Amino acid sequence: MVTDDARIVDPKACQVETWVRSYRQGGDELWALPGCNPFGGFELTLGGARLHSADAGSRSVFQGQVKTLFRPLRTDDWGWGVAFGTLNTLPRGTVDGRNHPYFYVPVSVSTMADRLVLHLNLGATRGPMGGSDVQGIWGAGVEYTMHPRALLVAETYGVTGERVQGQVGLRLWVVPDRVQVDTTWGGQQGPGGVGHWFSIGLRLLSPPFLP
């Protein structure tokens with residue numbers, strides 16, 4: 001999900017989130033985002049992606065982020081935190097080929113003994129056209145546990161001044177709390193939209209091992 005949750009990796013543990021997104025109109029993205037919680041209270045993520053499209057060619061994206069929680073999410077309760085990061089796209093000659101600092105506040109609400117979890121993100125980022133313009137960013141998502149190993153997910157999200165995006169999907173725990181796979185189908189319609197896409201991803205979580 002693009003909409004983040006009020007959770008972080010367990011203290012002294014790491015995770016790797018990776019996925020491939022393929023666009024119906026042509027083009028694809030390959031992402032890999034490793035993250036760790038070495039100090040117990042902060043999740044540090046550093047990774048990126050390789051993007052391919054017919055109109056923009058090939059680009060590389062580098063992402064770094066720090067996320068912490070002020071109120072951890074618990075069963076039938078709510079939690080919130082804050083995340084700060086930056087996206088840097090190369091080559092810089094493209095319209096988004098510049099540094100994009102951002103921040104957002106993730107809020108999550110657990111109901112039905114964690115079977116239904118709601119997520120809301122609100123934040124801001126530097127706009128793509130240069131200068132000091134700022135755009136709002138937002139997201140709203142839901143996770144519904146159908147089975148201890150299967151979750152339905154749905155979300156809608158966007159940036160002010162741009163068309164709304166959304167997707168639905170399925171998450172499966174291959175190994176509970178350690179190996180998860182997911183698939184999503186989504187789209188952004190209308191002028192300036194990217195059309196429909198399909199993605200498949202893999203998430204690996206480690207037990208605590210850092211010193």
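## Exercises on strand pairing

In strand β5, T89 is the bridge partner of V61. The model is predicted: local features need pLDDT of at least 70 and side-chain atom pairs count only at pLDDT 80 or more, while totals for chains, interfaces and linings use all residues. Numbering starts from 1 along each chain as its sequence is written, and side-chain values use heavy atoms, with hydrogens and water left out.

**Exercise 1. State which secondary structure elements the protein has, and in what pattern.**

Step 1: fix the terms. Helices (H or I, at least four residues) and strands (E, at least two) are DSSP runs, numbered from the N terminus.
Step 2: count. There are zero helices and twelve strands.
Step 3: read along the sequence. The pattern is β-β-β-β-β-β-β-β-β-β-β-β.

**Exercise 2. Trace the pairing from β4 to β7.**

Step 1: apply the criterion. Two strands pair if DSSP finds at least two bridges between them.
Step 2: start with β4 (residues 57-71) and β5 (residues 78-90). They are antiparallel, with eleven bridges. Six residues separate them in a hairpin, and D76 in the turn has a positive phi of about 55 degrees.
Step 3: go on to β6 (residues 99-111). β5 pairs with β6 in the antiparallel sense over nine bridges. T86 stands opposite P101 of β6, and G79 stands opposite S108 of β6.
Step 4: finish with β7. Ten bridges join β6 and β7, again in the antiparallel sense. Here S108 has H119 of β7 as its bridge partner.

**Exercise 3. Sort the side chains of β6 by face.**

Step 1: recall the rule. In a regular strand, side chains alternate between the two faces of the sheet.
Step 2: set the cut-offs. Buried means under 20% relative accessible area, exposed over 50%, and partly exposed in between (1.4 Å probe, protein chains only).
Step 3: list the buried face. H100, Y102, Y104, P106, S108 and S110 point that way.
Step 4: list the other face. N99, P101, F103, V105, V107, V109 and T111 point there and are not buried.

**Exercise 4. Examine phi and exposure in the loop between β6 and β7 (116-126).**

Step 1: note the background. Most residues other than glycine have a negative phi.
Step 2: find the exceptions. M112 has a phi near 55 degrees, a positive value. A113 also has a positive phi, about 55 degrees, although it is not a glycine.
Step 3: place them. M112 is in the loop between β6 and β7, and so is A113. The two strands form a hairpin with four residues between them.
Step 4: grade exposure. M112 counts as partly exposed because its relative accessibility is 44%. A113, at 52%, counts as exposed.

**Exercise 5. Compare the radius of gyration with the globule rule, then describe the whole protein.**

Step 1: state the rule. The radius is taken over C-alpha atoms, and the rule is 2.2 Å times the number of residues to the power 0.38.
Step 2: compare. For 211 residues a compact globule would have a radius near 17 Å; the protein has 17 Å, which agrees.
Step 3: give the box. The C-alpha atoms fill roughly 45 × 35 × 30 Å along the principal axes.
Step 4: add burial. Of the 211 residues, 39% count as buried.
Step 5: check contacts (heavy atoms within 4.5 Å). Among those with a separation of 6 or more, 45% come from residues 24 or more positions apart.
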